[in-house]
Every structure is written in C-alpha cells, then in structure tokens.
Amino acid sequence: MTRPLLDIRGLRVRFGDAVAVDGIDLRIAPGECVALVGESGSGKSVSARAVLGLAGPGARVSADALRVVDTDVLRLGERGLRALRGGRVGLIPQDALAALDPLHTIGREIDRTLQLHTKLGAIARHERALELLREVGIPNPEERIRQRPGQLSGGLRQRALIASVLAGNPALLIADEPTTALDARVRRGILTLLAELRDRGTGLLLVSHDLDAVRGIADTVAVMSGGRIVESGPAADVLGNPAEEYTRTLLAASPVGVPRHTPLLSASPVGVPRHTPLLSASARTTPLTTERHTSALTGTAGTEESPAPILVARDLTKTFSSRGFSVPAVRQASLALFPGQTLGLIGESGSGKSTLARLILGLESPDSGTVDLQGSRWVPAPESTRRPNRHRLAAIFQDPLSTFDPRLSAAQILAEAHSGGRSIHAAAFASEISASLDAVGLPQSVRSRRPLELSGGQRQRLSIARALAQNPDILVCDEPVSALDLTVQARVLDLLDGLQRERRLSLLFISHDLDVIRHVSDTVAVMRDGVIREAGPTERVFDSPEDEYTRALLADTAARG
Amino acid sequence: MSSLRRSARHIPQALAALVLLLLVIAAVFPGLFAPGDPLAINPADGFQPPNTTHPFGTDGSGRDLYTRVIHGTGPSLLIGLGATALGIGLATVLGFVAGLGPRWLDFGTSRVIEVMLAFPGLVLALLVMVISGPGAFGATVAVGLATAPGYARIIRGRVREIAGSGFVEAARVQGRGRMRILTRHILPGTARSLASLATLGLGQAIVWVCALSFLGLGVAPPAAEWGALLNDGRQFIATFWWLTFFPGLFIVLTAVSATVLGRGLAKTTRSVS
C-alpha cells in the first residue's frame, strides 16, 4: 500500500477553553479525494487549516500524528511551514477575489509561486505560467496572463487562483469551500477541474457544506459535527446509506428533488405559529389552489378557476448610466404574482433579478413600464400615495445584517415593526414580539441581542419576523438563503413555506440556485441580461424548457449531481 | 484575569475623565482650590520662583500664579466649550443639509466647506476676530466658526453613510416617512459620533482659544486666562520659566485629557455600529 499523503491522528484544536476540533483521524492517499462535510462551526475548516499551521491566532493544535507526505507538521517552525504551504500543500480558499492581490496581474501571481518553489528561469517561468493557465481551462492565456483579478469573472478568477496554487506543484490540495460563492455552471466547471487534478494523482482534501458538490468528486466522505467526525467511509455508502442521524439531516437539507410544500426537515422546529395576534386579518387558512398559471408572463386575469393576480408588472425597463456608460439592467420585464403562490425568479449574478425586485418594491423608478398592486397603480407613483399601502409589500434580503439598525435590539426592531414605526419601546409590544419570535422559531432569549450578536440563520429569521409584523400580502425574497448553510437554508425554506400557507402570502422568490427555486416555486421566470427569457409553471419550465438559455442552465445543474 | 486586563485598558480614560472633572470643579468653584484673590498685587513679592507659599511662583506684580491659573480655568474652559458647541452646532446643520438635501445643495455646501477648509484654522479664526474685535465673545465665535467646516464634513459623511444603509432602505420598504427615518435612525446614529467628536474637539478648541489670547485677541488682561497668562510670561521665558510653564502645563493637560477621552468614546461607538 502506498504511503498516505496526509496522515492525521487524534488532531485537537482549542481556542482558549473552546474545543474546535476534538480528536479527528484522517488519511488521504495520492489520487484520492476526501471530503470533510458539516455545518458551519463544525470544525471542518479549522481542521483543514491546521494541516498548514494556519488554524489561526490563539489556536492550540495538538495531535498524535500530523504528517504531510513524510514531514511532521507539528515539528515545523514558521520557516518550514512556509516551505510547505504553496509547495507540497496548496490551499484553495473560498473567496478568490479576497485571495488574489488586486494590483497584481494573474501572471505575476503565478510567477511568485514559481519563483519560490521552483528553480526555473524567467522565460521558463512565463512558459510554465501559460501552461498552467491552459491546464486549468482558461481560454486565451496569452491575453489573460496580463490581466488583474478585477478584469476576470468569478469563475475565471477561481481558475486563475487554482493555477497559482498548482504552480507550486503540490502533492496535496486543500480546497476550503472552493465553490460556495459560485454560480451553478461555474461551480460545475471548477469541480470538474478538481476531479481532473485528483485523477492525475494529486491528493485532495475538500471542505464543504454542500453534499451535492461533494457527491460527484469525493472518494471518501467524513462528516463532522461539534469538532468530531461522526461518520466516515466511502462516499457512496455515507451519502447513499447514512448510518448517523446527523448525516441524514445534512442530506435531507438539500432541496434537490423535493416537491413543493414538502418540508425538507420534518423533525425541525418549523415555526407554524400557534397563535397569530395582530395578524388575524391575514390568518385565512384557505387551502392552496394547485392550478397552474400559464399567464405568469402576460399578467392577464387568468382562467375562470384562478384568481386575479395581486401584483402585475408590465414592461419594466431600467438602465443605469454613469460617465457615459449605460448598462441596461432590466429590459421589458413583465410578471404577475398570484395570491398564496410563489413566483421563482432565476438568473445568474448580474442578470438583473435584484434590480427587478427593487423596481417592484418601488426603491428604484423604472425608465418605463408599470406595476399595479391589486388594480391600483403602484409604480410609477409618488411615494406619498404609495406609503399607506407599503405595509402590503414586505421584503427580505440576502444580507439581513445590513438591514437592521445596529443600535437596536431584536425586541426593539420587532417593536418598531409592530408599531408601524411609531415606537421602539419593547415593553409596550411584549406579547406581539413574543408571538413574532415564536412564529419564526426564534427563542425568546434573543430579545435583548443586537443583530451583530445573532447567527446568520437567526438574522434571517428575525428579518422574516419583521417583514411579517407589517402584515403583508406579498413577500419579496431576494436571495434569502444564499448566504446560509444548507441545513439552515432548509429550516428557513420550511419556515417560509409554513408561513406562506398559514397566511396565504404571495412570494416573489429570487435565487440563482435552481434546486431551491424548483422546490419553492409554483411558477418560474428565467432571467438573463435583464430580459425574462422564459416563464411558466415550474414543472413545465424544468421538464421541457423552451428557451435555449434555460436549457443550458438546467443542463449544468443536471450534470453536477 | 481577562476582566482585569479589560479594565486595565480603561485606566487612561478613567484618569482623563478624573482630570477633566477636577478642572470643571476648579472652573465652577475656583475658591475651593485657591481661596486667594487672583488680582491681589504685592509688588514686594515680584518674580518669586515656586516655593511653599507660592507653589507656582509669582509674576512681576507679585500676584500668586497658582491662584491665577486656577481662576483662569473658568474662562478658558467656558470659551473652549462655547466654541466647540457653536462649531458642532453649525456643522450639524451644514452636515445634515449637505447630507440629506438635494444634489445642488450638497454640491454648494460642500464647496463652501472646502473653501473654508483651505484656510488654516487659526488664520480663519484671526480673520473672524478682525471683524468681531477682540474679547472673550469674539474668541468664542472665531474658534467656533473656524472649527465648523471640519466637523461639517465628518457629519455629512456619517449622515450619507446612514442614509444609504440597508436599514434605512428597509425602513423605506416598510413605508416609514422621511421624518421618522431621520429621527429614528439618522439622528441617533450621528449623535454617537458627535459625542466623541465634541470631546476630541474640546481640547483643540481650548488650545486655539489660548492661542488667540496669547496673541492678545482673546480675554483682555488683567483677567486670568491661560492664554493671556502665557502671553504675560512670554517676555520672561528665559529668566522666569514658571510664568509660562504652569499655564502651559494646564493647557496641555486639558487638551490631552479631552483627546484621550474622545478617542475612548470613538472606540466604543465604533464597536457598536
């Protein structure tokens, strides 16, 4: 048997009194990909970084054995570690934009690694850099090598970063959430590239919370929770037939293939509110109609059995211009929202989805086009006439933290919302606040906390609670789960589904994640370059897409699994 | 142990606060520290170096310097406070007008602020003094006006930052009116930075007031004021060092304390927002 590239036994990492990693064993052979999966905070990232002596300031690392090839990492000084990093072991971080120096060209970035870890001359290094760029699938390397990170797209940037990591000719690659920040099709490309590297004999330690990403590439999967490996084994066994409850939860969290209105996590404390004070007006428990609205695009009143749309946007167009450049963000976009239904809006980043949402919310004024809210003009209209109806349209965003005044506590934020802005006196709205927290599954103990002191999932719950406090008919969700772990995402999606059914909310759900969109939507609209390319019932669009771009988008997702 | 280290970090701020507190008491009740008359002349005791009866020594007319420095605290602090209040008040109006007003108003106000910033602050103050004439009131107005543009720019930036933030946008989505957003989010948000700004500015204002008095434009002699005392001692700086040293020491002490406290306040503000 070949010697393992990485041999970890009994690794422990402590920060002060807190134990981040509590005795894990891990082994990686050449050409093997081991995936370390788990929720954020499970210790997977710290474990991977400890291999490079990068566990962080204040970390105390101990292990029975921590070997890379035949080097004992624990015995290395800072100098030895530096030779190891970027040489024998390469690290691919999550955020390529942060990891690449914006002032350096891609060529210089690669050249630096070559200088440090090879003995090549300047011309040979340039040749090697071009070769590396070709290897990672960057088209036109002669031109790209002179460009800076800011001139490259997210996918090319991640590829360039991988090229600079490969320049050190590492035997072992550590990839820390390498695809989390990327669109579906870019993600697929990067995973394919990593799989190719593995096939050429590089050992790969893949850290991810995305089990779908791991599925296609990992040979071995180790599931981490609370600093321990709770389950490990061949990928097919662990992902196909998990023995542990925790692994099953992780797997269940994926929205792939789960039909609409089916909770992702059945055992999770989904906050279907026990009582709904202040909200009795909307507590209509009419069962949802399941008819399809083929009129999503046109916004016409639909067939006899379907109700009239609650919101209709027609031919919205918005162009941003600055210093002579004009960027058409949204072009002739039309859509209709129906009571109690979800319209999913899909598109890659930069496709104009968010601008469309802001136009509908009345945060931007369109160059042309209109939005009607139950028959009356909503956009364009003066803010003063819009204000009395503002409460009917609520919104939640990808980054809830920025939408809270940092000075206010959770209770004050909810008091503000319940009082319609008149007061932040939490005591006066104690019962409403308590009901709001219950409704979104937040513990009462968060009342006195400020947004900064809440976790990502808690923040999004708080923003949903705030949105619901204004008793809206429509909830605009702009990438509401994109910044969340898969399991947290599942809980938030389950919560939204429960609340929607409870209150007959209409959702405009924006996401770049097709699996999420498919799970939550009754109808979908596909957007690209500011244009809605295709719209229709979810099933129809996903099963038999008519538009060429939709087909390409779906093919990328299908091929990933 | 870590709590000990945490409280140790606040020692400088606590000391600074204590010094300022003592100075304020001295300003309000100078008799408590120096029961004598700051203007009492005793020509026989002229130019005595610091000793047990006169801890800071005496000036040419035999007036006790310690008494004069203590009695000078009031005018110095009062003019400094007045000037800071005036400067911050004016800057708040300018900053909010520029930060929230229409684009042309922001443009106009910002250019005016920049023109004023182009002058060295003290020169601007001197210019105002030429118009208003010397005296305590003139010095207050001059320093207040001279410091306003700097504050105005900071306040404008903070106002714009909050006005463009996600939570103000969220408030708009919730249908909150302009006044409500102003009073709920923008005013409290800027108030915090204003508090640290004012404390930091106080030290600077006192130094400037003293500078004006030193130039003979502030508080007129024989009234005791730190800057005026400095001016008195200026011609004897080589021979009777105490005449400039002790008033100068109090000016430095005040300015340093205000700065340390202001920095501390700024740090706690930042950790919140």
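This text walks through chain B of a predicted model, then its contact with chain A, and last a nonpolar patch on its surface.

Chain B is a good place to start. It has 11 helices and 0 strands. Read from the N terminus on, the elements of chain B therefore run as one α after another, α-α-α-α-α-α-α-α-α-α-α. Taken along the principal axes, the C-alpha atoms of chain B fill a box of roughly 80 × 55 × 30 Å.

Next comes the place where chain B touches chain A. How many residues does each chain bring to the contact? Chain B gives 19 residues and chain A gives 26 residues. The size of an interface is often given as the accessible area lost when the parts come together. Between chain B and chain A, the buried area is about 2000 Å², and carbon and sulfur atoms give 50% of that area. Within chain B, the residues that lose the most area to chain A are Val173(B), Gln174(B) and Arg184(B). Together these three make up 31% of what the chain B side buries.

Arg184(B) also appears in a charged pair. It forms a salt bridge with Glu416(A), and the closest N and O atoms of the two are 3.7 Å apart. Across the interface of chain B and chain A, 3 salt bridges are found. The count of residue pairs in polar contact between the two chains, with both residues at pLDDT 80 or more, is 10.

Which helices of chain B supply this side? Helix H8, residues 166–173, and helix H9, residues 178–214, each supply at least two residues of the side that touches chain A. H9(B) gives the most, with 7 residues. Sorted by class, the side of chain B that touches chain A has 5 nonpolar, 7 polar and 7 charged residues.

The last feature is a patch on the surface. Its nonpolar residues include Ile11(B), Leu15(B), Leu18(B), Val24(B) and Phe29(B), and the patch as a whole has about 1000 Å² of accessible area. Which helices supply at least two residues each of the nonpolar patch? They are helix H2, residues 11–28, and helix H3, residues 30–33, of chain B. The largest share, 8 residues, comes from H2(B). Phe33(B), another member of the patch, has its place in helix H3 of chain B.

Key: Residues are numbered from 1 along each chain as its sequence is written. Chains are lettered from A and ligands numbered from 1 in the order in which they are written. This is a predicted model: local features need pLDDT of at least 70, side-chain atom pairs count only at pLDDT 80 or more; totals for chains, interfaces and linings use all residues. Side-chain values use heavy atoms; hydrogens and water are left out. Contact means heavy atoms within 4.5 Å. Buried area is the accessible area (1.4 Å probe) that two parts lose on being put together, summed over both. A salt bridge is a side-chain nitrogen of Lys or Arg within 4 Å of a carboxyl oxygen of Asp or Glu. A polar contact is a pair of N or O atoms within 3.5 Å; within protein, one must be able to donate a hydrogen and the other to accept it, and residues adjacent in sequence count only if both atoms are side-chain atoms. Helices (H or I, at least four residues) and strands (E, at least two) are DSSP runs, numbered from the N terminus. Ala, Val, Leu, Ile, Met, Phe, Trp, Tyr, Cys and Pro count as nonpolar, Asp, Glu, Lys and Arg as charged, and the others, Gly among them, as polar. Patches are made of residues with over 30% relative accessible area and no salt bridge: like charges are joined within 9 Å, nonpolar side chains (Val, Leu, Ile, Met, Phe, Trp, Tyr) within 5 Å. Accessible areas come from the Shrake-Rupley method with a 1.4 Å probe; for residues, only the protein chains shown count as cover.
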